[in-house]
Structures are given as structure tokens and as C-alpha cells.
Amino acid sequence: MKRKAILAAGCGAALLGLGMLFTGCAGPAAGSDGKIHIEMVQYKPEAVKAFEQFQKKFNDTHDDIYLTIDSPNEAMTILKTRFVKEDQPDIIGIGGDINYSNFLDSDMLMDISDFDGLADIKQAYLDIDKNLEFVPEEGTYAVPYMANAAGILYNREMFKENGWEIPKTWTEFIELLDTIQASGQQPLYFGFKDTWTCLAPWNAMAVDLAPADVCQQVNRGQASFSQEYREVAEKIIQLLPYAQKDPYAYSYNDACTAFARGESAMYCIGSYAVPQILSVNPDLDVDSFVFPASDNAEENILNSGVDLQFSVMEDCKNKAAAYEVIRFMLEDENIQIYLDEQNAVPCKEGDFQLPSMLDGMTEYIREGKMADYQDHYYPAEMSVDAMIQTYLMDGDVEVFLKKFDTEWQRYNRDLIAKVKKYEEEHGSTVPDEREAGEEGEE
């Protein structure tokens with residue numbers, strides 16, 4: 001099996017000991033009890049209570065399989081360390097982002113096209129996963145489980161008291177910001193001291209204003225960020241006059257606290273921030289709406305990505321048992337347990353009770369009208385969050401866009417060469433539009 005450089009990156013000798021922490025997991029030694037042992041490592045430590053419940057429930061209801069679920073704080077580092085040592089778990093629970101792309105590109109994941117549970121997954125999330133492939137792969141390599149959503153969180157009580165309406169277009173949004181500001185109240189609050197939060201409005205606007213596959217288009221030499229990201233860049237900077245003074249002095253926690261205390265009417269962030277906000281003010285009535293970055297309301301879509309998905313490792317020796325574990329995770333009752341605890345969005349079709357703070361996004365979720373976070377395609381080394389923060393501070397859009405193009409070529413040189421080689425050998429990575437249209441007519 002190939003073990004490409006990505007798995008060794010950052011996994012020097014100092015990290016090798018970490019893998020020992022999760023070798024020889026709790027429970028009977030493999031085979032000594034006559035059961036098939038399946039180990040899952042999942043990367044969301046904040047969901048450890050739910051996974052502890054899942055582990056106990058599974059083991060109480062299965063006589064032939066023993067499941068161990070690890071939820072370490074540094075899951076990705078530990079996973080990469082274990083991959084180097086060829087000590088893989090059977091199943092990994094990771095996000096639908098560039099880490100998944102790298103693992104797939106390194107031939108670490110099993111093709112699970114024959115898993116029956118895929119038929120119940122919303123097509124939008126299966127498509128999002130497909131788009132994360134560096135080059136087209138035959139088969140399916142992950143089961144999307146949970147998603148999150150990003151846009152605008154708003155204080156529902158404050159909106160009701162002032163008679164403010166939810167905006168559907170960019171013009172309406174700017175008018176709302178002006179109205180709130182004229183009333184002497186604070187429209188927005190940002191925590192840009194933590195650079196990653198700069199990606200929240202960026203991602204939420206980009207899904208409306210840039211192609212969902214813009215990164216792939218650039219890799220194929222068919223587009224540039226200077227062209228496709230210009231409107232996003234020009235609009236995001238227009239939000240600054242409506243936020244608190246010097247947003248770069250305040251952290252994510254500061255912004256969550258301020259919004260929780262009613263210091264702003266809105267907060268541009270993802271649904272993942274709600275637990276933090278409610279920990280400050282459990283009585284806050286918070287709802288959300290899709291970021292209206294376009295002046296054509298039909299072009300505005302939900303920014304939603306796969307927050308947690310399950311992949312079976314290529315080296316897993318008990319595929320049927322691994323499938324049984326994932327099948328168990330997909331049971332409606334277990335999905336609802338996760339939703340209730342984590343305020344998440346289910347990737348599975350079904351009549352689930354969504355968190356109230358997603359009321360304003362429910363229509364988009366049910367219709368599958370969504371697109372992935374743009375930063376799920378950005379290499380970490382490029383530090384796009386810091387680039388956006390710098391741009392917001394100096395305001396030079398031309399310098400920012402030029403740097404985006406330049407840095408992308410620098411940090412994606414090998415990937416761009418890989419795409420070029422693939423297209424030379426297999427033809428374009430873009431589906432034939434004529435054939436796609438014919439399939440749609442059928």
C-alpha cells in the first residue's frame with residue numbers, strides 16, 4: 001500500500017509515542033473473547049459523551065462484535081502517527097475537508113460503494129465528498145454522518161422587538177445593517193483576533209458568489225481567484241463599519257460572549273458556535289439565516305459541509321463488522337442523540353428534529369440547497385485565514401487577490417501537476433455536459 005508524504009508530515013520521532021496511547025484499547029484482547037474487535041478513532045472530542053453512549057449501546061446489543069471508540073484531543077496528529085506505524089484503526093471519523101482528501105489520495109481508505117447505508121444519505125453531501133477528490137476516484141470512500149451550517153446567527157427576541165425582517169438579498173442586508181446602526185444598536189460582532197473566524201463570513205459569502213468548484217477550476221487552469229473571488233473580497237470588507245471598533249482585538253470567545261449578552265443583533269458564524277453562546281446565556285433565543293450575499297435571492301444557498309463522516313480503512317480485516325458499526329451509527333435514534341447534543345445537521349434523509357437555532361435554515365437543509373465551505377479545499381500551509389485578516393486590515397483588494405493566486409500556485413504545485421497528468425492520461429476531470437444532460441432527461 002502506498003504511504004505518501006502527507007502521512008509523515010509533522011510526525012517526527014517526538015510524535016511516535018502518541019500512537020502508543022491508543023494501541024491496545026480498553027476491553028478484552030482481540031480474539032480472546034471470541035468476538036470481532038472493531039476500533040474507531042473519531043476526531044471530535046467535544047462529542048465524546050455521545051460516542052461513549054454509542055459504544056456502550058452497541059456492545060450491549062451485539063454479541064459477536066466488540067466496539068471501541070477513541071475520541072482523542074489531537075486525533076489528526078495521532079491518526080497520522082499511527083498511519084506511519086501502519087497501526088490503523090478499522091474506522092475513522094473525520095471531517096469532510098482537505099485531511100480527508102489527503103487520506104484518500106494516499107490510498108488509505110476502502111471503497112465502500114457496496115455499503116447499503118449510502119442509499120439513505122442526502123445526495124448533496126455525497127456530492128460534497130466527491131468534490132473533495134483531488135482527481136476523480138472510482139467508488140465511494142466515506143459515509144457522511146453530520147454536517148454543520150454557517151451564515152448569520154441572530155437574536156430572535158431583538159429582531160421581534162424592533163420589527164426587523166430577515167433579509168433575502170445583499171441590498172436588503174445592507175439596509176438592515178444601516179437600520180440597526182441608526183437605532184443606536186450594534187449590528188455585528190467579530191472575533192477576528194482568532195484568524196480562523198475570518199473564514200466564517202468569507203465561506204458564507206463565497207458559496208453565493210463563487211463557483212462551488214472554483215478551486216478545482218483553478219487547478220485545471222480554467223479560472224483565477226482574482227476573477228472569481230473579487231466580489232467576495234469587495235463585499236466582505238463592507239461589513240467592517242457595522243462591527244465593533246477594532247474587531248482584531250477580540251477573540252472568538254469574546255465575540256460569542258458579546259453576542260450572548262445582547263451586545264450585537266447578529267453574529268456571522270457557524271452553528272457550531274451556539275453551544276458556546278448558550279453557555280454564557282442559556283436563555284438567549286437564537287436563530288439563523290442564510291447569508292444573503294447576492295442580490296438575486298435564488299442564488300443564495302446554505303453554507304454547509306460534512307462535519308463528521310465515517311471511512312473504513314483499507315487495511316480493515318473485518319469489513320462486514322465495520323459496516324455493522326456504521327449501520328448502527330446511522331440508526332435514526334442514534335442520529336437524534338447526536339443532533340440533540342451537538343446541534344448538528346443530519347446527512348441522512350429522514351424526519352429528524354433539528355435544533356431550533358436552525359429554524360431559518362431548515363428549508364435549505366431539507367431541499368439540499370447547499371454548498372461546501374471553500375476553505376475545505378485550502379491547504380493549511382497557505383494560511384488563508386491570516387491572508388483574509390491582513391486584507392481586512394489594509395483594504396487592498398488587488399494585492400490580496402494577486403497574493404491568493406500566487407500562494408495557491410506555490411502551495412498546490414504538486415496537486416496541479418497531478419491534475420494535469422491525470423487529464424493528459426484520462427481526459428478532462430469535468431463531466432461531459434452533453435452526457436450529463438442526457439442522463440438528467442432520462
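The buried residues of helix 18 pack against helix 9 (199-209), helix 12 (230-236) and helix 19 (397-411). Contact here means heavy atoms within 4.5 Å. Buried means under 20% relative accessible area, exposed means over 50%, and partly exposed lies in between (1.4 Å probe, protein chains only). Helices (H or I, at least four residues) and strands (E, at least two) are DSSP runs, numbered from the N terminus.

The model is predicted: local features need pLDDT of at least 70, side-chain atom pairs count only at pLDDT 80 or more, and totals for chains, interfaces and linings use all residues. Residues are numbered from 1 along each chain as its sequence is written, and side-chain values use heavy atoms, with hydrogens and water left out.

Stay with helix 18. It spans residues 384-394, and its buried residues are V384, D385, M387, I388, Q389, Y391 and L392. Take Q389, which sits in this helix. Q389 counts as buried because its relative accessibility is 15%. Leaving aside residues up to four places away in sequence, Q389 touches F192, K193, T195, C198 and Y248. After the helix comes G395, with a positive phi near 75°.

Now the cores. A nonpolar core is a set of buried Ala, Val, Leu, Ile, Met, Phe, Trp, Tyr and Cys residues joined through side-chain atoms within 4.5 Å. The largest one has 71 residues. W202, Y229, L239, M266, F291 and F404 have the most contacts inside it. A second, separate core has 54 residues, including V143, Y145, F310 and A321. In soluble globular proteins, nonpolar side chains tend to be buried together.

Strand 3 (residues 91-94) is covered on both faces. I91 and G93 are buried on one side, I92 and I94 on the other. Which strands pair with strand 3? Strand 1 (residues 36-42) does so in the parallel sense, over three bridges. Strand 7 (residues 302-312) does so in the antiparallel sense, over four bridges. Two strands pair if DSSP finds at least two bridges between them. Q42 has G93 of strand 3 as its bridge partner. I91 stands opposite V312 in strand 7.

Next, the aromatic rings. The structure holds 28 aromatic pairs. Rings of Phe, Tyr and Trp (its six-membered ring) pair if their centres lie within 6.5 Å; planes under 30 degrees apart count as stacked, over 60 as edge-to-face and the rest as tilted. F51 and Y338 are edge-to-face, because their planes stand at 80°, with ring centres 6.2 Å apart. F51 lies in helix 3 (residues 48-61) and Y338 in helix 16 (residues 332-342), so the pair ties together parts that are 287 residues apart in sequence. Both F51 and Y338 are buried. F400 and F404 form another edge-to-face pair, 5.9 Å centre to centre with 85° between the planes. These two lie in helix 19, four residues apart, about one turn of the helix. F400 and F404 are both buried. They also belong to one aromatic cluster with W202, F225, Y229, Y378, Y391 and W408.

How many disulfides does the structure hold? Zero. A disulfide is a pair of cysteine sulfur atoms within 2.5 Å. C215 is buried, at 3% relative accessibility. C256 is buried too, with a relative accessible area of 0%.

Charged pairs come last. The whole structure has 18 salt bridges. A salt bridge is a side-chain nitrogen of Lys or Arg within 4 Å of a carboxyl oxygen of Asp or Glu. R327 and E324 meet in one (3.0 Å, N to O). Being three residues apart in helix 15 (residues 319-329), they are separated by about one helical turn. R327 is partly exposed at 32% relative accessibility, and E324 is partly exposed at 24%.

K348 forms a salt bridge with D332, the closest N and O atoms being 2.7 Å apart. This pair links distant parts of the chain, 16 residues apart: K348 is in the loop between strand 8 (345-346) and helix 17 (362-367), while D332 is in helix 16. K348 is buried at 12% relative accessible area, whereas D332 is partly exposed at 42%.

In helix 19, E407 and R410 lie three residues apart, about one turn of the helix. Their side chains meet in a salt bridge (3.7 Å, N to O). E407 is buried at 13% relative accessibility, whereas R410 is partly exposed at 47%. Elsewhere, R156, D285, D287 and D359 are linked in a network of salt bridges.
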